[in-house]
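Subject: The structure, and some notes on it

Hi,

Here is the structure for you to open alongside this message. My notes follow below, so have a look and then read on.

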Amino acid sequence: MSCIVAFGGSAAAVLDVGSSGNQLFREILRDEAANRLHELGKISDADGYLERTFMSPASVRASNAILSWMQDAGLRTWVDQMGNVHGRTDSMNANAEALLLGSHLDTVIDAGKYDGPLGIICAVSALKALKISGRLEKLTRPVEVIAFSDEEGVRFQTTFLGSGAIAGILPVSALQLSDRSGVTVHDVLKENSLEVTEESFVQLKYDSQSVWGYIEVHMEQGPVLESLGIPLGVVEGIAGQTRLRVTVRGSQGHAGTVPMSMRQDPMAAAAELIVLLENLCKHPENFITYDGQCKGSSDESLSGSVVCTVGEISSWPSASNILTAQVTFTVDVRAMVDITREAIISELSNLMYQTCRRRSVYCNIEHKHDAASVHCDPELSSQLKFAAGSAVKKMPGLIQGDVPVLMSGAGHDALAMSHLTKVGMLFVRCRGGISHSPEENVLDDDIWAAGLALVALLETFL
Ligand code: HGY
Ligand code: MN
Ligand code: MN
């Protein structure tokens with residue numbers, strides 16, 4: 001049985017004074033931050049690739065490392081009953097509305113080391129830079145870093161188990177969600193000595209009056225910043241998302257004896273449904289209008305605004321000489337316009353059931369997760385834009401340019417936190433826009449730029 005322990009951190013870092021005399025904290029915001037990301041990238045539940053799921057042994061080890069780094073930054077730390085790791089300053093005005101910073105410590109399967117941890121490490125490093133320069137206690141409001149326990153939703157197929165509890169949008173029924181092996185969220189918390197009850201679960205929600213805002217630093221997971229040659233961008237909005245689980249059931253049989261005309265083949269049906277999904281999302285204008293109604297004419301405003309993915313598929317019994325009995329696959333639909341996403345899901349369901357009827361197979365579409373799109377707070381975003389611009393200007397050798405504003409197709413804890421408070425996001429350039437892959441890469445100098453931007457933002461609270 002593993003449980004989360006908190007142990008002290010150490011080491012002061014050397015103050016880095018750049019050529020212009022202002023403090024660049026290179027050793028903290030760049031070198032140490034990059035090392036910590038590298039270290040976290042090696043904490044995995046799997047051999048040979050990176051995987052950390054909700055409250056897994058590797059997630060517990062990662063939590064302990066993050067706790068120690070938070071303490072090293074002079075933060076008061078604790079772990080809450082959904083496994084979120086917290087580090088908070090004890091500022092002069094302890095009762096002022098807090099600025100929350102954070103991102104997720106869990107990963108996808110075969111993950112890169114920046115998706116999630118980059119936002120946690122940059123936030124902790126920025127606060128350490130203030131501590132080193134004797135300004136942590138001078139913050140006029142509390143600042144709290146939260147390393148959320150589950151944003152990817154890999155294990156229980158519903159996301160935001162950590163941030164959703166803090167934001168108060170996670171139903172207590174989530175504790176009864178079970179993973180593939182039948183283990184529930186409640187079970188795995190208990191295994192980690194986190195005895196959550198309905199009362200204690202509800203108390204995890206933060207009072208919106210006690211929160212000033214939430215800021216998340218995250219790798220872009222897209223190619224735009226790299227194509228512009230700019231290390232940082234500000235997020236205008238985050239796409240809404242829907243996750244489905246589709247089950248197709250037919251009649252199991254002998255691969256050699258059942259004539260093609262007599263088959264109820266869920267594998268062939270699933271293949272047709274997946275191509276149907278792709279066609280619907282490649283050409284939504286052929287099926288729906290911008291206001292979400294179904295129609296036949298083309299409407300350019302829809303093209304490119306919807307993305308759909310089948311990322312997981314399984315069959316039973318999976319053998320080359322058996323006509324399959326059942327196929328299950330996941331569907332992930334994202335769109336910036338919620339009524340477009342909802343219309344896609346409705347049209348998809350109609351088309352899927354029609355196809356299954358025609359093929360005399362049984363279809364079931366299970367709704368696993370929905371999150372509406374979110375627009376970041378304009379004022380918070382302009383503060384982030386200014387902070388990012390000032391950071392990039394300080395960085396020796398970085399291309400100077402206006403900090404771009406981007407949309408996010410990827411989901412983030414900021415989606416959940418937007419139900420609690422105003423949110424802002426800072427994107428960091430990544431190589432080739434690659435993410436959810438071990439090929440993920442963020443330059444150390446860009447990690448530095450993101451940390452400097454957070455320091456610049458925190459300085460507005462001094
Ligand atoms: O799936 C997403 O958009 C995020 O990485 N969880
Ligand atoms: Mn992700
Ligand atoms: Mn992420």
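Let me start with a small puzzle: is Ser193 buried, partly exposed or exposed? With a relative accessible area of 44%, Ser193 is partly exposed. Please keep in mind throughout that this is a predicted model.

Backbone details

Ser193 also caught my eye for its backbone: its phi is positive, about 60 degrees, although the residue is not a glycine. You will find Ser193 in the loop between α5 (185–191) and α6 (198–202). Phe160 is another non-glycine residue with a positive phi, near 60 degrees. Phe160 sits in the loop between β4 and α4, and its relative accessible area of 3% makes it buried.

There is a cis peptide bond too, running from Trp316 to Pro317, with omega near -20 degrees. Pro317 belongs to the loop between β10 (313–316) and β11 (322–323).

The manganese ions

Two ions deserve a look together: the manganese ion (ligand 2) and the manganese ion (ligand 3) are 3.4 Å apart, with Asp115 coordinating both. Asp115 is buried, at 4% relative accessibility.

The manganese ion (ligand 2) is held by Asp115 (OD), Glu152 (OE) and His436 (NE2), at 2.1 Å. Along the chain, these donors follow the spacing D-x36-E-x283-H. Glu152 comes from the loop between β4 (143–148) and α4 (163–167), while His436 comes from the loop between β16 (423–428) and α12 (444–459), so this pair ties together parts that are 284 residues apart in sequence. Glu152 counts as buried at 6% relative accessibility, whereas His436 counts as partly exposed at 42%.

For the manganese ion (ligand 3), the donors are His104 (NE2), Asp115 (OD) and His218 (NE2), at 2.1 to 2.2 Å. Their spacing in sequence is H-x10-D-x102-H. Here, too, distant parts of the chain are linked: Asp115 is in the loop between β3 (98–104) and α3 (117–132), and His218 is in strand β5 (residues 211–219), 103 residues apart. His218 is buried, with 1% relative accessibility.

The cysteines

How many disulfides does the count come to? The count is two. One joins Cys281 to Cys308, with an S to S distance of 1.8 Å. The torsion about that S-S bond is about -75 degrees, so the disulfide of Cys281 and Cys308 is left-handed. Since Cys281 lies in helix α8 (residues 266–282) and Cys308 in strand β9 (residues 306–309), the pair ties together parts that are 27 residues apart in sequence. Cys281 counts as buried, at 8% relative accessibility.

A disulfide is also formed by Cys356 and Cys363, whose sulfur atoms are 2.1 Å apart. Both of these residues, Cys356 and Cys363, are buried. With the bonded cysteines numbered in sequence order, the pairing reads 1-2, 3-4.

Why is Cys122 not bonded to Cys430? The closest cysteine sulfur to that of Cys122 is the one in Cys430, and at 13 Å it is too far for a bond. Likewise, Cys430 is in no disulfide, the nearest cysteine sulfur being that of Cys122. Cys122 is buried, with a relative accessible area of 1%, and Cys430 counts as buried at 1% relative accessibility.

Happy browsing, and best wishes!

Conventions
Residues numbered from 1 in each chain as written. Chains lettered and ligands numbered in written order. Predicted model: local features only at pLDDT ≥ 70, side-chain atom pairs only at ≥ 80, totals over all residues. Heavy atoms only, no water. Donors = N, O, S within 2.8 Å, 3.2 Å for Na, K, Ca; no water. Helix = DSSP H or I, 4+ residues; strand = E, 2+ residues; numbered from the N terminus. Buried < 20%, exposed > 50% of the residue type's maximum accessible area, 1.4 Å probe, protein only. Disulfide = S-S within 2.5 Å.
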